[in-house]
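Biologist: Please take one part of this chain and look at it closely, namely the packing of two helices, and then place it within the rest of the fold.

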There are 2 protein chains.
Amino acid sequence: MINPRSKRPRVVVVGGGFAGLSAVRELSVADVDVLLIDRHGYNTFQPLLYQVATGGLNPGDVTYALRAFTSRYRNADFLRATVTGVDTEQRLVQLEGLDPVPYDYLIIGCGVTANFFGIDGAQEHALTIYTRSGAIRTRDRILTAIEDAAQDREGAPDPTVVVVGGGATGVEMAGSLAELRNAAVPIAYRTLDISRVRIVLVEMTDVVLGPFHPQLQAYAAKELRERGVDLRLGTSVQQVREDAVVVKGPDGEEQTIPAAAVVWATGITASPIVGDWGLPTGRGGRIDVGPDLRVTGHPEIFAVGDVALDPENLPQVAQPAIQGGKHAGVQIRRLLAGSPTETFRYRDKGSMATIGRSDAVVEFPFGLRLKGLVAWLAWLGLHLFELMGGRNRLAALINLSVRYFSWPRSLNIVVGDPAD
Amino acid sequence: MINPRSKRPRVVVVGGGFAGLSAVRELSVADVDVLLIDRHGYNTFQPLLYQVATGGLNPGDVTYALRAFTSRYRNADFLRATVTGVDTEQRLVQLEGLDPVPYDYLIIGCGVTANFFGIDGAQEHALTIYTRSGAIRTRDRILTAIEDAAQDREGAPDPTVVVVGGGATGVEMAGSLAELRNAAVPIAYRTLDISRVRIVLVEMTDVVLGPFHPQLQAYAAKELRERGVDLRLGTSVQQVREDAVVVKGPDGEEQTIPAAAVVWATGITASPIVGDWGLPTGRGGRIDVGPDLRVTGHPEIFAVGDVALDPENLPQVAQPAIQGGKHAGVQIRRLLAGSPTETFRYRDKGSMATIGRSDAVVEFPFGLRLKGLVAWLAWLGLHLFELMGGRNRLAALINLSVRYFSWPRSLNIVVGDPAD
């Protein structure tokens with residue numbers, strides 16, 4: 001708890017994602033007061049949101065109360081508030097409807113949103129799975145489309161889902177949808193011809209899982225196709241409509257694919273609101289930082305994770321954010337001790353992506369590549385034991401295990417409809 | 001799965017609650033086709049909704065996909081649809097936006113809603129915890145009020161919660177709120193003076209837990225008071241406002257209690273929509289049934305659970321609904337075999353109510369009364385092992401156990417806010 005009369009330096013951390021939590025954790029042993037600010041009361045475990053979007057996990061399984069997190073540390077507190085700006089002269093974080101909060105050091109680790117690359121109709125009609133609410137909307141749309149088709153409701157179209165982007169998010173989403181179609185639909189919707197449930201994965205380049213070894217890329221593509229995913233490589237999206245997506249194939253021909261849902265899984269960008277905070281920004285609206293992750297021209301402000309424009313162009317996944325947040329925390333401790341800051345060096349711990357039940361690809365930086373069941377077990381272990389917190393870990397472990405090992409009989413796809 | 005060309009008698013079950021599920025289960029061994037209809041895709045485990053309303057369980061922990069349920073039985077199918085009427089001449093269930101569904105036998109076990117007894121403002125301003133969405137709304141309102149008070153947001157009033165009704169639901173809700181206040185708030189909201197979080201339980205009669213033995217009533221009242229619940233017996237609600245509730249105490253004096261949330265936990269009634277189905281209804285809009293639970297004048301229609309007006313005035317909890325649904329299923333099997341129907345005889349298995357962590361009261365029909373920890377363990381066992389289904393049971397067991405045995409450190413109160 002922060003004592004208002006405390007004389008210790010105050011570090012304000014904006015954003016309760018991987019970067020922010022990592023910074024708070026690092027600073028818990030420093031002689032500072034830490035105030036974590038987020039507009040939501042909870043942290044979302046983004047790497048598993050595709051499971052929420054396909055009905056495999058409950059939203060509560062992948063969210064964790066930020067107050068529960070800060071209450072673990074004697075020097076940390078949480079404030080649920082929306083940041084509207086930063087007064088770098090007075091060193092104040094401005095908040096919506098609340099008094100500004102003073103800081104001695106500021107760590108910004110927030111504010112990414114889906115990047116629609118200006119594609120016609122994408123912002124209006126495409127669904128995203130980067131936030132809890134986005135994943136819930138995606139789940140409800142997809143499962144309602146399947147339900148309507150199964151019931152032959154008047155004019156109910158085929159429940160085709162088009163996933164845009166063949167990176168890890170797109171592959172995991174398409175793989176999870178294929179599993180829903182192949183394992184759950186035949187049991188839960190016995191009257192529905194599963195060939196009507198089409199899953200299309202559209203990728204602009206000629207491979208899926210761009211940053212992986214070609215061998216794993218080929219494996220993932222083969223596995224997805226075997227699971228019935230209509231994989232369209234070398235294909236770009238021209239337009240997203242309410243009920244269809246227009247793509248251009250490798251032959252340059254345009255095609256309209258009717259779709260009950262278009263899931264946008266390609267690229268994130270800094271939230272436009274960060275652009276109004278008066279900090280220097282570059283490509284994609286991301287904040288300009290130096291090699292030590294301090295914001296250009298503001299030696300007491302760090303920007304970490306996806307909101308920072310990093311010169312190395314690191315993948316926008318958990319590890320760079322976690323390591324960046326920790327780095328910022330360490331640098332503040334160094335500055336308080338009178339030492340100079342250090343350059344941020346990302347330690348590549350490898351990449352992984354699940355394709356479906358008991359199937360994944362893993363690539364370690366030292367050359368080891370795994371695929372299939374052993375890769376999936378490594379994925380499960382890392383996600384459940386390294387990344388998630390206490391209670392959620394247990395609940396998610398059970399829900400995932402039930403899903404993976406005894407799926408059809410225990411399937412529990414819940415369509416939450418807020419209207420009663 | 002129901003084959004459209006099946007020549008077997010078709011039983012349509014309306015409502016996927018305790019009564020409906022119990023009927024489907026009983027009929028799974030009969031030579032009939034069973035179609036379960038509900039406007040939601042899931043069953044809600046109502047006895048634990050107060051845990052959702054106080055942040056102890058996720059909504060997904062107490063909901064179970066109805067398709068997962070019907071897929072267990074070879075002769076059962078599910079249809080998500082809203083029933084608009086019953087054509088008893090043609091034996092058709094009329095549906096919103098879908099073709100009517102023919103039936104040979106019909107079991108109605110649906111359609112209760114909160115009974116506001118016409119009290120001024122109650123319908124508009126009071127919260128209910130009889131549905132999943134109601135419990136979520138209640139949770140979000142209460143936790144937001146606490147958060148706002150903790151942050152001293154301008155004009156944020158004291159987060160007082162008034163629970164109306166001292167039956168099992170009201171006692172469990174007030175007890176769970178007291179736990180939230182006493183165990184979680186001091187850790188998660190360290191800046192908030194917990195005396196500001198008032199919990200008021202208003203009950204019209206002179207006792208809580210009306211149907212229980214006076215000894216258990218007195219125990220529950222004492223325990224609630226010791227946990228800091230402001231228990232107002234002999235007090236009736238005159239009016240519910242947006243930010244207050246007007247009550248009249250035993251001395252006849254009116255008092256206005258400012259309230260951030262008013263939770264209505266007193267009485268349920270048949271949904272008004274059932275009144276339009278053309279079936280005979282009585283007190284509270286509930287359907288008139290004979291001793292065998294068949295609807296008066298309609299020998300092929302059964303009404304079970306809370307929607308039926310039962311002459312014995314059974315408590316509106318799980319057991320009468322479960323036994324009624326099973327009874328209807330058994331009677332249909334008897335009718336198909338050419339036997340006469342039997343009178344429904346309710347077998348009292350006892351009553352229980354939790355007061356808080358490791359504290360409950362249990363009363364068995366043969367005179368045994370338990371209170372405290374042993375009663376709570378009996379409650380836990382019954383709820384988790386008798387009443388809930390597979391995966392939910394596991395997830396709920398873990399979440400409840402974590403909450404009860406290591407609450408403060410692992411507290412995970414999630415405010416789901418749909419707006420992003």
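Modeller: A crossing is called right-handed if the near helix is turned clockwise from the far one by less than a right angle, and left-handed if anticlockwise. In this predicted model, the crossing of α1(A) and α8(A) is right-handed. Helix α1, residues 18-27 of chain A, packs against helix α8, residues 318-336 of chain A, at an angle of about 35 degrees, and their axes are 7 Å apart. On the side of α1(A), the residues that make the contact include F18(A), G20(A), L21(A) and L27(A), while α8(A) contributes, among others, A321(A), I322(A), G325(A) and V330(A). Sorted by class, this contact of α1(A) with α8(A) holds 11 nonpolar, 5 polar and 2 charged residues.

As for the wider setting, chain A is divided into domain 1 (10-114 + 268-336), domain 2 (116-266) and domain 3 (350-407). Between domain 2 and domain 3 of chain A, 20 residues of the former are in contact with 12 residues of the latter. On the domain 2 side, α6(A) gives the most, with 9 residues, and the residues of that side divide into 12 nonpolar, 4 polar and 4 charged.

Chain A also has an open sheet of 3 strands, in the order β15-β16-β17, with antiparallel pairing. Strands β15 (236-240) and β17 (254-258) of chain A each have a single partner strand, so one side of each is left without a neighbour in the sheet. Strand β16(A), residues 244-248, is joined to β17(A) by 5 bridges, and V246(A) has T256(A) as its bridge partner in β17(A).

Conventions:
Residues numbered from 1 in each chain as written. Chains lettered and ligands numbered in written order. Predicted model: local features only at pLDDT ≥ 70, side-chain atom pairs only at ≥ 80, totals over all residues. Pairing = 2+ DSSP bridges. Helix = DSSP H or I, 4+ residues; strand = E, 2+ residues; numbered from the N terminus. Axes fitted to C-alpha atoms, helices over the stretch in contact; angles between N-to-C directions. Contact = placed C-beta atoms within 7 Å. Nonpolar A, V, L, I, M, F, W, Y, C, P; charged D, E, K, R; others polar. Domains from an automatic or database assignment.
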